[in-house]
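Trainee: Could you take me through one part of this model slowly? I'd like a close look at the ligand site.

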Amino acid sequence: MIEVKNLVRTFKSGDRTIKPVNDVSFELEQGTLASIVGKSGSGKSTLLSLLGALDKPTSGDVLVDGVSLAGMPDGQLTRYRRRDIGFVFQQFNLIPNLSAVDNVMLPMEFAGIRKAARAERARQLLEQVQLGPEKHVRRINRLSGGEQQRVAIARALANEPKLILADEPTGNLDEQTGEHIIELLSALSRDYNTTILVVTHDRALANKTDRRFRLQQGRLTEETARNRAAASLPG
Amino acid sequence: MSVLARSVGNAFRNRVRTAAVVAVLAVAIGLALSMLVANQAVTGKVAELNASVGTVLTVNPAGGQGFEGGGEPLTAAQAATAAKVPNVSSVVGTKALRLRNAAAAAAEAAASQTGQAGPGGQGGPGLPGGQSATSVTTSLRAAIDAGTLGNRNQSSGTTGGTGSTSQSAPAFSLPVTATGIGAEVDSSGKALQLTQGTGLGNYTASSAGALLGITLAEKNNLKVGSTFTIGDKTFTVKGLFDAGTAFGNNALYLTLPTAQSLAALPGELSSMIVTVNSMENVDAAKTALQTALGTDKADVSQGQRNLQTAVSSLDSVKNISFIAFAAALATAGLIILLIMVMLVRERRREIGVLKAIGAPNRTIGLQFVLEALVLVALGSAVGAAVASFASGGIASALISSNSTTAAATGRRGGPGGFPGGFPGGFPEGNPLGGANQLLTSVTASASPGVIAAGIAAVFGVAIIGALVPALLTARIRPIEVLRGE
Ligand SMILES: Nc1ncnc2c1ncn2[C@@H]1O[C@H](COP(=O)(O)OP(=O)(O)OP(=O)(O)O)[C@@H](O)[C@H]1O
Ligand SMILES: [Mg+2]
């Protein structure tokens with residue numbers, strides 16, 4: 001279970017302070033598939049980076065199964081990122097001079113998994129995200145945006161994380177592949193009890209999630225059955 | 001894909017830049033290795049020169065060094081006096097004999113009607129002034145034929161008219177130098193290099209054994225165990241030595257008492273080889289020795305006077321080459337440092353990615369250190385090739401510029417500075433000779449061992465150079481992953 005308590009992240013730009021995450025609190029049960037929508041610049045990526053321990057909050061705390069990230073030393077934060085988190089970045093952030101398989105194997109290497117086992121699993125994952133076998137050994141910078149997106153998703157799944165944080169995972173995919181990725185994510189949350197938090201602009205994807213959040217100027221609100229009607233009104 | 005494989009891959013990510021970096025590194029590493037090779041060669045040479053003759057003084061009878069003939073011969077009592085001088089660690093007496101081949105001597109006598117070669121004996125093996133060497137006949141034949149100098153020297157005492165020279169010249173043969181020695185050293189105080197057989201055991205007792213120069217033995221078809229005669233006595237070859245020079249090998253050694261009795265001059269010495277306990281005490285010991293023996297009785301000379309100048313100039317080459325080695329090494333380290341700092345900055349975002357997906361700091365640091373080592377390995381390979389071609393040239397450039405000054409100061413040592421009494425002389429007596437020898441040993445010592453030591457030093461410096469940027473990666477935070485390029 002993940003608990004977010006009064007999370008705040010402020011940035012100073014010049015003499016102005018911006019608060020992309022402003023007093024955000026929520027809880028997610030293990031195995032929940034949740035989505036966050038919001039305008040560009042509303043703070044979605046910033047919030048995910050705090051949950052994934054890429055960044056430290058200005059104030060507030062994140063508790064993972066009751067353990068606070070706030071007081072954790074850097075070494076343990078690294079371990080948390082490696083074992084418990086799968087991150088799908090908005091800009092993929094794959095290592096450009098490595099092959100697709102090598103990229104997917106990286107988190108497993110850091111986790112100390114044997115080479116043969118990680119190669120095997122990497123190929124399985126790439127097949128799951130429907131990347132053709134002939135592209136497994138191709139260097140990342142020779143793959144299309146959509147293909148890179150799928151490699152990024154496969155990499156996030158590599159260490160069977162408890163929590164997957166996906167920043168626009170279907171943004172570069174055609175409808176059909178996007179559809180498939182959504183199926184994959186909901187299957188993970190259902191079958192492996194993985195908690196998944198997806199940032200998306202894709203209404204269809206958002207509608208398939210168990211819980212839907214909206215981020216507006218750093219403030220998070222949940223769309224309940226009652227306010228959903230209002231939110232889906234045009235405008 | 002392992003850390004190492006990733007590092008190798010990263011090293012070749014930008015081939016043009018990798019080539020440029022390797023080229024610059026190769027120049028620095030090549031220079032460092034060349035300097036190390038030069039330094040090792042010179043260090044070895046200096047040690048060798050110091051060890052061989054650096055602390056040896058030679059005592060000759062007063063006036064014995066010139067052409068004029070001398071005063072009184074040296075005695076065993078004087079050797080005892082010399083041994084009591086402070087800082088003197090050993091005194092070895094020698095007694096030199098000129099051996100003439102019996103048949104050749106008879107032929108010469110018949111041709112020129114003079115029984116003996118005259119006092120002009122300082123040619124060839126270079127006995128001091130001739131006066132302290134006694135001529136004895138032998139069954140041995142000299143291993144070398146007299147050259148122009150030899151003929152001139154041999155004939156100077158016998159012929160007045162030029163007409164007879166051309167007629168009698170072919171009859172002359174060089175004498176063989178027999179030296180009685182009080183220890184197993186050659187006349188310059190260096191330990192004898194025996195190539196076969198054994199030594200003579202106790203050098204202060206009479207013995208029918210002899211040590212022969214390899215060429216002399218070869219000329220006379222003698223092996224260890226063969227016999228020959230000197231005067232009316234029969235000697236057995238106990239061992240063969242290699243003095244390294246043609247004239248030096250046309251010689252034989254006997255025990256001191258044997259030589260003295262052959263000359264019928266017991267207790268008399270041709271020269272004394274005095275070894276001083278350390279290089280620093282040589283000058284003081286020389287003065288003390290001269291005082292103790294008396295200037296009218298003995299001349300104390302320091303055979304390596306000239307050599308010392310050469311050694312000190314070689315010392316400066318040694319220092320220069322070491323500084324250059326250290327500087328080139330530091331340059332290689334600096335190149336690595338700057339390149340790696342640049343690469344770390346350039347790959348900031350990628351380092352952020354690795355951290356975001358859970359790479360520990362040490363894995364990332366190691367990856368960068370290994371990448372630096374890959375570059376250094378390439379640079380070393382090219383640099384070693386550069387060094388193997390350049391080190392000879394660099395070393396000789398360094399040494400020739402120095403040996404010119406060494407030669408100039410060496411010659412200022414003045415006439416008579418060379419004690420003539422050394423069969424075979426000092427090959428190093430001439431500083432230019434020393435430098436030339438050094439050059440040969442420079443090429444000889446560009447050994448894999450030295451190169452390997454140099455490359456190890458390069459790697460050591462590279463690791464230090466790469467450690468700084470590697471530690472910088474620890475400070476990059478995973479959030480860099482979200483920053484734009
Ligand atoms: N390191 C930073 N320094 C200053 N401002 C920042 C920093 N990171 C983010 N911001 C600002 O915080 C705000 C939220 O950024 P964030 O990337 O979270 O938006 P987003 O909701 O993910 O937008 P998008 O949908 O376009 O990805 C933006 O105004 C951004 O400019
Ligand atoms: Mg974003």
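Mentor: Here is a walk around ligand 1, starting with how things are counted.

This is a predicted model, where local features need pLDDT of at least 70, side-chain atom pairs count only at pLDDT 80 or more, and totals for chains, interfaces and linings use all residues. Residues are numbered from 1 along each chain as its sequence is written, chains are lettered from A and ligands numbered from 1 in the order in which they are written, and side-chain values use heavy atoms, with hydrogens and water left out.

Okay, the shell: 13 residues surround ligand 1, each with a heavy atom within 4 Å of it. Ser40(A), Gly41(A), Lys44(A), Ser45(A) and Thr46(A) are the closest. Residues from both chains A and B are around the ligand, so the site is shared between chains.

Which part of chain A gives the largest share of the shell? That's helix 1, with three residues. Helix 1 (44–51) and strand 2 (16–28) of chain A each supply at least two; helices (H or I, at least four residues) and strands (E, at least two) are DSSP runs, numbered from the N terminus.

Now zoom in on the oxygen atoms of ligand 1. One is 2.5 Å from a polar side-chain atom of Ser40(A). A polar backbone atom of Gly41(A) lies 2.8 Å from an oxygen of the ligand, and for a side-chain N or O atom of Gln90(A) the distance is 2.9 Å. Taken alone, ligand 1 exposes 630 Å², and the protein buries 65% of that (Shrake-Rupley method, 1.4 Å probe).

Technical notes:
A polar contact is a pair of N or O atoms within 3.5 Å; within protein, one must be able to donate a hydrogen and the other to accept it, and residues adjacent in sequence count only if both atoms are side-chain atoms.
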